[in-house]
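Let's go through this one together, one question at a time. Have a look at the picture first, then try each question before you read on.

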Amino acid sequence: MSYVTPKEFAAKMVDAGEAKVFMSTKDTLIRAYMAGAILALAAAFAVTIAVNTGNFLVASLLFPVGFCMLYLMGFDLLTGVFTLVPLALFAKRPGVTVNGMLRNWGLVFVGNFAGAMTTAIFMAIIFTMGFSQEPNAVGQKIGLIGESRTVGYAAAGAAGMLTVFVRAVMCNWMVSTGVVAAMMSTSTSGKIMAMWMPILVFFYLGFEHSIVNMFLFPSGIMLGGNFTWFDYLAYNEIPVILGNLVGGLTFVGGMIYMTHFRESPARSNGVDRNDDATSVPAE
């Protein structure tokens, strides 16, 4: 069977987190750069579909293609390392330290941002015929998205900041579920199917993903959106990064770690039982 049991993929999660801590600077940056660039291209693809078809559901159904591509090629998103790397620290893997974890997060952030910005510049050139014309319909839509999800949150004050934070938490609950879901299968088709579902949920519900936003908001600024770099960073990117960290680490990494990697002894009722039954999910 290609299915991997929860206990097995929980161990794979810890192993993956450890490997990322000790990855070279060059490899970490390259893998993060490519992940940011590919996910940004998927975002541009999805917005184009939504504008051309008028159907956001179709765009959401197709957006996960970018996530699947970058995962299968072994590239890293900040949202994923937020979830996986701390588990190696919790498990007290030799040599894994807080500084090592922060180093990985910092490098992945830089690589993701550089990759997303590269795609943002390329797509802005395409949407404006090399900045010689006004943005086309897709470019105008991207500008409006950036405006509504920066100054729109700011206008709502504390309620807006709470909303963007919660949307970011929910986002990485789903995105990191996609990362983990890919470990549930040893087949390529199984990995793709498992990843597709939570990524579809996050995108259709409009949750806030820090790397997708690294493309959308700089693009929006270049394409004439009525907001600034300060608006983007203060009212979106910074609270979104914090929310993504909380969502991935608590609802995905922490929960799986506590129940499958550090599973507690089963309660005894004094009757002989089949221990294998504990690994069978309820239906």
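Q: Which glycine just after helix 10 takes a positive phi, and of about how many degrees?
A: Keep in mind that this is a predicted model. Go to the stretch just after helix 10 and you'll find Gly206. Its phi is positive, at about 70 degrees.

Q: How far does helix 10 reach from its first C-alpha to its last?
A: Helix 10 covers residues 188–204, which gives it 17 residues. At 1.5 Å a residue, the expected span is 24 Å. The model comes close to that, with a reach of 24 Å.

Q: Which residues of helix 10 are buried, and what covers them?
A: Buried here means under 20% relative accessible area. In helix 10, Lys191, Ala194, Met195, Pro198, Ile199, Phe202 and Phe203 are buried. Their cover includes helix 2, helix 3, helix 4, helix 9 and helix 11.

Q: Which residues of helix 4 are buried, and what covers them?
A: Helix 4 spans residues 64–72. Its buried residues are Pro64, Gly66, Phe67, Cys68 and Leu70. What lies over them includes helix 2, helix 3, helix 9 and helix 10.

Q: Which glycine comes just after helix 4 with a positive phi, and what is the value?
A: Look just after helix 4 and you'll meet Gly74. The phi of Gly74 is positive, at about 80 degrees.

Q: What is the phi of Met129 near?
A: Most residues other than glycine have a negative phi. Met129 sits in the loop between helix 6 and helix 7, and its phi is positive even though it is a residue other than glycine. The value is near 50 degrees.

Q: Is Met129 buried or exposed?
A: Exposed means over 50% relative accessible area. Met129 has a relative accessible area of 56%. That makes Met129 exposed.

Q: What is the phi of Phe131, and what does Phe131 count as in terms of accessibility?
A: Phe131 is also a loop residue, between helix 6 and helix 7. It isn't a glycine, yet its phi is positive, at about 65 degrees. With 46% relative accessibility, Phe131 counts as partly exposed.

Q: How far apart are the C-alpha atoms of Gly130 and Gly254?
A: Gly130 lies in the loop between helix 6 and helix 7 and is partly exposed, at 42% relative accessible area. Along the chain, Gly130 and Gly254 are 124 residues apart. In space, their C-alpha atoms are separated by 46 Å.

Q: Why do the buried residues of helix 7 sit on the same side, and over what arc?
A: The buried ones are Val138, Gly139, Ile142, Gly143, Ile145 and Gly146. An α-helix has 3.6 residues a turn, so residues three or four places apart point the same way. The buried residues of helix 7 are on the same side because they cover an arc of only 160 degrees around the axis.

Q: Which helices do the buried residues of helix 7 pack against?
A: Helix 7 runs over residues 137–148, and its end C-alpha atoms are 17 Å apart, which agrees with the 16 Å that its twelve residues should span. The buried residues of helix 7 pack against helix 2, helix 6 and helix 11.

Q: At what angle do helix 11 and helix 12 pack, and how are they oriented?
A: Helix 11 is residues 210–222 and helix 12 is residues 229–261, with their axes 10 Å apart. The angle between them is about 175 degrees. An angle over 145 degrees counts as roughly antiparallel, so helix 11 is roughly antiparallel to helix 12.

Q: Into what kinds do the residues of the contact of helix 11 with helix 12 divide?
A: On the helix 11 side, the contact residues include Met214, Phe217 and Ile221. On the helix 12 side, they include Trp229, Glu237 and Val240. Altogether, the contact divides into eight nonpolar, four polar and one charged.

Q: How far apart in space are Thr79 and Gly243, C-alpha to C-alpha?
A: Thr79 lies in helix 5 and counts as buried, at 1% relative accessibility. It touches several residues, among them Asn172, His209 and Asn244. Thr79 and Gly243 are 164 residues apart in sequence, and in space they are 10.0 Å apart.

Terms used:
Residues numbered from 1 in each chain as written. Predicted model: local features only at pLDDT ≥ 70, side-chain atom pairs only at ≥ 80, totals over all residues. Heavy atoms only, no water. Axes fitted to C-alpha atoms, helices over the stretch in contact; angles between N-to-C directions. Helix = DSSP H or I, 4+ residues; strand = E, 2+ residues; numbered from the N terminus. Parallel < 35°, antiparallel > 145°, perpendicular 65-115°, else oblique. Contact = heavy atoms within 4.5 Å. Nonpolar A, V, L, I, M, F, W, Y, C, P; charged D, E, K, R; others polar. Buried < 20%, exposed > 50% of the residue type's maximum accessible area, 1.4 Å probe, protein only. Expected span 1.5 Å × (residues − 1). Arc of directions from axis to C-beta.
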